Amino acid sequence: MIECINIKKSYPQLQVLKGIDLKLEQGQLISILGASGAGKSTLLHIIGTLDKADSGEIIIDGINYSKKSAGELAQFRNKNLGFIFQFHHLLPEFTALENVCIPGFIAGRKEKEVTAQAQSLLSKLGMEPRMNQKPGQLSGGEQQRVALARALINSPKILLADEPTGNLDKQNAEQVLNLILSFRKESNMTIIIVTHDQTIASKTDYSLTMQDGKIIQNTKNNLNVL
Ligand SMILES: Nc1ncnc2c1ncn2[C@@H]1O[C@H](COP(=O)(O)OP(=O)(O)OP(=O)(O)O)[C@@H](O)[C@H]1O
Ligand SMILES: [Mg+2]
């Protein structure tokens with residue numbers, strides 16, 4: 001479903017990714033661990049076609065996205081990919097509910113259907129009482145849950161989540177993870193979660209550890225906890 005071949009990325013004076021190879025089958029759930037600055041967000045953005053690698057290939061569902069135009073990439077992302085950013089990126093002038101709906105409207109879906117689905121996602125995340133607030137009126141954890149609902153609104157084949165539980169307390173982190181796991185069961189979504197949380201990582205099929213722009217460890221997790 002997702003294949004990265006020898007991905008490299010540099011900024012002036014800094015080589016952030018030094019040749020990343022990765023292969024995920026459809027329905028697989030993996031985690032990426034690693035110290036701050038290891039290159040986790042950079043890799044996730046490149047896999048999500050939001051950023052371009054300097055060299056290497058990204059193949060998703062058999063299609064090579066390394067050389068597609070910006071318009072083709074935007075359409076691909078809207079239809080196939082849910083992205084939860086490390087820093088949310090919610091639109092400040094819209095309510096939580098509207099933020100969740102927007103990718104559905106961009107996809108050309110009916111307003112009623114999108115709104116009902118957004119409400120249902122937000123209430124599964126315990127956000128029903130807060131869904132008419134704007135992001136500035138929400139806590140970090142609440143914003144993160146809105147970002148998860150937004151990522152799921154178009155039932156993407158792939159979910160890329162950059163520290164989706166980073167701002168959450170233990171109970172809410174579990175709730176978010178359980179929702180992600182239940183979506184995976186329902187829809188066979190392929191999921192990559194960047195996390196610093198070992199408990200979350202242990203619930204994924206396998207964990208990759210990044211250090212200094214490279215994958216240095218690949219651990220298969222014992223999943224009888226699920
Ligand atoms: N636009 C940029 N220009 C220059 N350097 C950048 C840019 N974006 C990221 N970097 C650098 O690349 C390195 C990797 O950044 P990245 O955000 O991928 O780390 P990370 O593993 O996600 O860290 P964290 O756990 O703190 O989120 C860091 O040293 C960062 O300062
Ligand atoms: Mg990061």
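This briefing introduces the surroundings of ligand 1 and of glutamine 143. The model is predicted, so local features need pLDDT of at least 70 and side-chain atom pairs count only at pLDDT 80 or more, while totals for chains, interfaces and linings use all residues. Residues are numbered from 1 along each chain as its sequence is written, and side-chain values use heavy atoms, with hydrogens and water left out.

**Around ligand 1**

- Look first at the shell of 14 residues surrounding ligand 1, each with a heavy atom within 4 Å of it; the closest are Ser36, Lys40, Ser41, Thr42 and Gln86.
- Helix H1 (40-47) and strand S2 (14-24) each supply at least two residues of this shell, and H1 gives the most, with 3 residues.
- Helices (H or I, at least four residues) and strands (E, at least two) are DSSP runs, numbered from the N terminus.

**Polar contacts of ligand 1**

- Polar backbone atoms of glycine 37 and glycine 39 lie 2.8 Å and 3.0 Å, respectively, from an oxygen atom of ligand 1.
- Glutamine 86 brings a polar side-chain atom to 2.8 Å from an oxygen atom of ligand 1.
- On its own, ligand 1 has 640 Å² of accessible area, and the protein covers 61% of that (Shrake-Rupley method, 1.4 Å probe).

**Glutamine 143**

- You will find glutamine 143 in helix H5 (residues 140-152).
- Glutamine 143 counts as buried because its relative accessibility is 17%, and buried means under 20% (1.4 Å probe, protein chains only).
- Its side chain reaches the backbone oxygen of proline 135 at 3.3 Å.
- Not counting residues up to four places away in sequence, glutamine 143 touches His88, Leu90, Pro135 and Leu138 (heavy atoms within 4.5 Å).

Definitions and conventions
Chains lettered and ligands numbered in written order. Buried < 20%, exposed > 50% of the residue type's maximum accessible area, 1.4 Å probe, protein only. Polar contact = N/O pair within 3.5 Å; in protein donor to acceptor, adjacent residues only side chain to side chain.
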